[in-house]
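Colleague: Please choose one part of this model, look at it closely, and then set it against the other parts that deserve a careful reading.

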2 protein chains.
Amino acid sequence: MTRKPPTMADVAKAAGVSPMTVSRAFKRDSSVSDATRAAILQAAETLGYVFDSTASNLRSQRSDFVAVTVPSINNANFAETVRGLSEGLRARDLQILLGYTDYDMEEEERLIEQFLRRRPEAIVVTGGRHTDRARRMLENAAIPVVETWDLPEDPIGHVVGFSNADAVRGMVDHFVRRGLTRLAFIGGDAQRDTRGTDRRRGFIRAMQDHGLEAHRLIDAGAPPISMAEGAMAMGLLLARFPDTQAVICVSDLSAFGALTECQRRAVPVPERIEIAGFGDYDVGAVCVPALSTINPFPRQIGSRTAELILSLLDAPQPPRVIEITPELILRGSSA
Amino acid sequence: MTRKPPTMADVAKAAGVSPMTVSRAFKRDSSVSDATRAAILQAAETLGYVFDSTASNLRSQRSDFVAVTVPSINNANFAETVRGLSEGLRARDLQILLGYTDYDMEEEERLIEQFLRRRPEAIVVTGGRHTDRARRMLENAAIPVVETWDLPEDPIGHVVGFSNADAVRGMVDHFVRRGLTRLAFIGGDAQRDTRGTDRRRGFIRAMQDHGLEAHRLIDAGAPPISMAEGAMAMGLLLARFPDTQAVICVSDLSAFGALTECQRRAVPVPERIEIAGFGDYDVGAVCVPALSTINPFPRQIGSRTAELILSLLDAPQPPRVIEITPELILRGSSA
DNA sequence: ACAGTTTGTGTTATCGATAACAGACTCGCA
DNA sequence: TGCGAGTCTGTTATCGATAACACAAACTGT
């Protein structure tokens, strides 16, 4: 026999107080005497009462949600950002409503629509490119919007990110400074992964600025580019441009795949070809040789975003752009 | 000038119908004529109306949430499970409320409490060990509970999982069958990672059943055990038990770290020592040599759980145990 | 001792959608 | 033509907590 679950009114009756007092007892810093609070919590425990945020949300017009969309849940970089976010937001008891877009703007649009219906306190999206409708929805939502992992030309609201193109430029500069000129890039030009595309564009522009040709471009397939695809791409690269001196990959994952392909073919790295990645994933620090890479501080993107949101919830502020400076990390794969 | 956002009543007035009709127009298969639905959606679009699930949830007593806790968001295996889950649940427009416990049962308890307040339709947890209070909360929640990634002795409700101990036993058997007897295990015995502990226990029991000593146990630190910790552990192993013939690691990540340590020390794998992991992560399939491992079909755990939940929402059923059979994958690291 | 504040609690109305019920209308078939 | 079944729309009450206001009791300081 399952009887209806108890409500606040039931707890109130059991504790001999009004529902309002029960409500206050369940809040953080409300004015209830310690004695009554204890009695109320005791009564709630006995009855097996579970606070109903559904009702609370409606009446108080607060959901205590922060909506977050990332391209992929299965990606250590974005996972770090989410971790930074959720740790920063926990202090204020804000819960994360997480969704992944699969690198698909239509899917992002769907997600944003779903999320806005839940009336989040703020919304965080990855990247600066969205469908028109998604953009409109975000603009019209009367909540803080933060775009991350990018520096959009025309931000919707706030931004916590970095220039993917400039980050790759730093790596190109490094190789050119050391006298290497025959450089290649492994990564897709798919519309889907706009950050990957930005990195590729950054590579091409940097090469041109150095007066070098940027024709050694290997498209490794649809994002997210896996280790296996990185390996395949390296196979293509070695076949098509055998005199390549160094290759920059769209991520450490593809870079690691590329490295293993060299190992399988007994192509010595870095002696015969140098390799660099992007993202400073664990695998790149541990593999032999370790991968040169770029660390965009994904955790920090999350924690700075959390800080920003907390301050925005206290007091609205004009749109801000918080720029993160990625760090070049040089290791054995390019030494 | 920010005026109050429009409600269903506003849309109803604009479209010249009753709020109830607007409500129906926003539902899936409700009886509204195509003409009026179009008019209503048009009016909603014009007004910039966004459906408010907060109110809907309260009145209909449905949240369309499924709560899910995983130990770590930054883990490809659990990410796959979540992906399988969310794809299966999308059909019914169920949203996932995701939280990670950081391999901490206290944190899990906090999460479960937070989640139950949101009145999810079902709740999925990873593993079969919980704090007493967490267990009580789950038992009392009048919703389907699914424990995953394990086969608990005393399940709370439903189960979709496998025996971690038995899976490792399969790997031990494989080595012993091939005549190897000096086997080691890398992984923690921390209370925190109960699945890791189960694998370790499975190793010990299997060794004993073969009449072999199981003293080559290297504790690699607190979970989740990283690649770097796997490498350190391999260093210890080679120092303390130099005659070890094969080592089973608690995960592919630590196994890969161990492999790289062998590469740094020029210890040939598999000639001098064989290595096996757990989880069939990408890295293990791509690295050189590729890692022998155990695939517990994490994606399938998610999709089967989703199926189960969908059927439970249609009609309550007695607790079920759905057992997944992990697959032994043999690759170059143990050939 | 008394006005002024702080503290603890209660009363009433309300957040915005929808379940439950009811009624009007259309259609098919005898 | 009439009747039952099906389709579409409206009315009323309600989900469960809490904002806003009110007020008594317990303090504070001069």
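Modeller: I will begin with B:A266, which lies in the loop between α11 and β9 of chain B, and I should say at once that the model is predicted. The phi angle of B:A266 is near 55°, a positive value in a residue that is not glycine. B:A266 counts as exposed because its relative accessibility is 64%, where the cut-off for exposed is over 50%. The loop that follows α11 (252–264) and precedes β9 (274–276) of chain B also holds B:E271, and B:E271 is likewise exposed, with a relative accessible area of 63%. Along the chain, B:E271 stands 64 residues from B:A335, yet the C-alpha atoms of these two residues are separated by 8.8 Å.

A positive phi also occurs in chain A, at A:R119, where the angle is near 55° and the residue is again other than glycine. A:R119 sits in the loop between α6 and β3 of chain A, and with a relative accessible area of 28% A:R119 is partly exposed. Another backbone feature is the cis peptide bond that joins A:P223 and A:P224, with omega at about -5°. A:P224 belongs to the loop between β7 (217–218) and α10 (227–240) of chain A. In chain B the peptide bond from B:P223 to B:P224 is cis too, with omega near -5°, and B:P224 is placed in the loop between β7 (217–218) and α10 (227–240) of that chain.

From these loops I turn to a helix of chain A. In α7 of chain A, which covers residues 132–140, A:A134, A:M137 and A:L138 are buried. Viewed down the axis of α7(A), the buried residues fall within an arc of 95°, so they line one face of the helix. An α-helix has 3.6 residues a turn, so residues three or four places apart point the same way. The other side of α7(A) carries A:D132 and A:N140, which are exposed. As for what the buried face meets, the buried residues of α7(A) pack against α6 (105–117), β3 (122–126) and β4 (145–148), which belong to chain A. Two of these elements have already appeared, since A:R119 is found in the loop between α6 and β3.

Chain A as a whole contains 13 helices and twelve strands. Its radius of gyration is 25 Å, well over the 20 Å that the globule rule gives for 335 residues, so chain A is more spread out than a compact globule. The C-alpha atoms of chain A fill a box of roughly 85 × 40 × 35 Å along the principal axes. Of the 335 residues in chain A, 57% are buried, and 68% of the contacts between residues at least 6 apart in sequence join residues at least 24 apart.

The remaining part is the DNA. Around DNA strand D there are 24 residues, of which A:M8, A:S23, A:Y49, B:T21 and B:R59 come nearest. Sugar and phosphate supply 60% of the atoms of DNA strand D that come within 4 Å of the protein. An N or O atom in the side chain of A:S23 is 2.3 Å from a phosphate oxygen of this strand, while for A:K27 the corresponding distance is 3.1 Å. B:S33 reaches a phosphate oxygen of DNA strand D through a polar backbone atom, at 2.9 Å. Helices α2 (19–25) and α4 (53–60), in chain A and in chain B, each supply at least two residues of the surface near DNA strand D, and α4(A) gives the most, with four residues. By type, the residues of that surface divide into nine nonpolar, ten polar and five charged.

DNA strand C is also surrounded by 24 residues, the closest being A:T21, A:R59, B:M8, B:S23 and B:Y49. Side-chain N or O atoms lie 2.9 Å from a phosphate oxygen of DNA strand C in the case of A:T36 and 3.1 Å in the case of A:Q61. B:R59, in turn, places a polar side-chain atom 3.1 Å from a sugar or linking oxygen of DNA strand C. For the surface near this strand, the largest share, four residues, comes from α4(B).

Conventions. Residues are numbered from 1 along each chain as its sequence is written. Chains are lettered from A and ligands numbered from 1 in the order in which they are written. This is a predicted model: local features need pLDDT of at least 70, side-chain atom pairs count only at pLDDT 80 or more; totals for chains, interfaces and linings use all residues. Side-chain values use heavy atoms; hydrogens and water are left out. A residue is near a molecule or strand if one of its heavy atoms lies within 4 Å of it. A polar contact is a pair of N or O atoms within 3.5 Å; within protein, one must be able to donate a hydrogen and the other to accept it, and residues adjacent in sequence count only if both atoms are side-chain atoms. Ala, Val, Leu, Ile, Met, Phe, Trp, Tyr, Cys and Pro count as nonpolar, Asp, Glu, Lys and Arg as charged, and the others, Gly among them, as polar. Buried means under 20% relative accessible area, exposed over 50%, partly exposed in between (1.4 Å probe, protein chains only). The arc is that of the directions from the helix axis to the C-beta atoms. Contact means heavy atoms within 4.5 Å. The radius of gyration is taken over C-alpha atoms; the globule rule is 2.2 Å times the number of residues to the power 0.38.
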